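Student: Could you take me on a close look at the place where the ligand sits? I would like to see what surrounds it and how the parts next to it fit together.

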Amino acid sequence: MEKLEAALAKARELRKTALGSTPGTPREKQSAGVAAPVDWSDLPEIEIAPERARRNRISALLGGVDATPYDMLRSRTIRQMKDKGWRRLAITSPGAACGKTTISINLALSLSRQKDLKVMLIDLDVRRPSINKQLNYQPKHSFHEVLEGKARFEDQAVRIGDNLIVATNNSASRHPSELLQSVATREALDRIEAAWQPDIMIFDMSPMLASDDNVGFLGNVDCALLIAAAESTTLPNIDVCEKELAGLTNVLGIALNKCRYSDNSVGYDYAYGTYG
Ligand SMILES: Nc1ncnc2c1ncn2[C@@H]1O[C@H](COP(=O)(O)OP(=O)(O)OP(=O)(O)O)[C@@H](O)[C@H]1O
Ligand SMILES: [Mg+2]
């Protein structure tokens, strides 16, 4: 365990070095001489129609009682990440269709309702990207093209409101595993973080058991949230993935999605805490 913690600390240090050996927070970075952040208002803004939000379970946009679970998840996420000085969160699951994308979008929207937080939501499920479909927005370029050096972030990303940037894909990458494990990807993310200075970056990832896409990438994040689907994800699969995740990054918690309640409504619950 000590070895693991030392390795994680070293990986974080390496990332900081890439950013210019500066302390963690954007404000500290600014005062330590890193270039001033790019103006977020320069990015085009998109809107999610309320009907689309309702249909795609984007309840954090609409607020109210349906947004409460995401606001609770937000509070726990912020508390843990702030305590530890973490800024990059990956969201993954054992199998497909557990609700990673739905939770990523809702958590990002919920976080962005706190006006003092700058939030970035990035689609790194470059095998089967879907944030664009859920938001009903087709970007001209894909985020994987930014990572491949074929497009500029400022020509690709858009804003929802003043303090949420969303980077999506309109196509799958032809080499998802290689792309996510590449040094070019690590450096591109470092450059984006240094230029735009988000407080939190959320990465919507692919399922862990379907490919090795995430394995080489997770050293680039500070922590991960594992989403399991009640009635479909098995306990052994949760266990295997939680252990694998803990070997790659810090596990923020496990969210159990699609829980069926006694009134027949469906929602989610979580076992939250830092593992590993
Ligand atoms: N709490 C929930 N209750 C009921 N259905 C849900 C819930 N969360 C998500 N869903 C639905 O489950 C389906 C899969 O959700 P989503 O695309 O977010 O999962 P995913 O884990 O990102 O899938 P993939 O592995 O394909 O990327 C969608 O139809 C979504 O609307
Ligand atoms: Mg998804």
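Tutor: Happy to! One term comes up straight away: a polar contact is a pair of N or O atoms within 3.5 Å. With that cut-off in hand, look at the side chain of R128, where an N or O atom is 3.1 Å from an oxygen atom of ligand 1. Keep in mind as we go that this is a predicted model.

Two other side chains can be read in the same way. K258 has a side-chain N or O atom 3.0 Å from an oxygen atom of ligand 1, while for R57 the partner is a nitrogen atom of ligand 1, at 3.2 Å. On its own, ligand 1 has 630 Å² of accessible area, and the protein covers 79% of that.

Now let's step back to the whole shell. Ligand 1 is surrounded by 16 residues, and G99, K100, T101, T102 and N257 are the closest. By type, the shell holds five nonpolar, six polar and five charged residues. Three elements each give two or more residues to this shell: α6 (100-112), β7 (250-260) and β8 (266-275). The biggest contribution is from α6, with three residues.

Since α6 gives the most to the shell, let's follow this helix to a neighbour. Helix α5, residues 68-84, packs against α6 at an angle of about 75°, and their axes are 9 Å apart. Angles of 65 to 115 degrees count as roughly perpendicular, so that is how α5 and α6 lie to each other. On the α5 side, the contact involves Y70, D71, L73, R74, T77 and I78. They meet T102, I103, N106, L107, S110 and L111 in α6. Sorted by type, the residues of this contact are six nonpolar, four polar and two charged. You may recognise T102 here: this α6 residue meets α5 and is also among the closest to ligand 1.

Conventions: Residues are numbered from 1 along each chain as its sequence is written. Chains are lettered from A and ligands numbered from 1 in the order in which they are written. This is a predicted model: local features need pLDDT of at least 70, side-chain atom pairs count only at pLDDT 80 or more; totals for chains, interfaces and linings use all residues. Side-chain values use heavy atoms; hydrogens and water are left out. A residue is near a molecule or strand if one of its heavy atoms lies within 4 Å of it. A polar contact is a pair of N or O atoms within 3.5 Å; within protein, one must be able to donate a hydrogen and the other to accept it, and residues adjacent in sequence count only if both atoms are side-chain atoms. Accessible areas come from the Shrake-Rupley method with a 1.4 Å probe; for residues, only the protein chains shown count as cover. Helices (H or I, at least four residues) and strands (E, at least two) are DSSP runs, numbered from the N terminus. Ala, Val, Leu, Ile, Met, Phe, Trp, Tyr, Cys and Pro count as nonpolar, Asp, Glu, Lys and Arg as charged, and the others, Gly among them, as polar. Axes are lines fitted to C-alpha atoms, for helices over the stretch in contact, and angles run from 0 to 180 degrees between N-to-C directions. Angles under 35 degrees count as roughly parallel, over 145 as roughly antiparallel, 65 to 115 as roughly perpendicular and the rest as oblique. Contact means heavy atoms within 4.5 Å.
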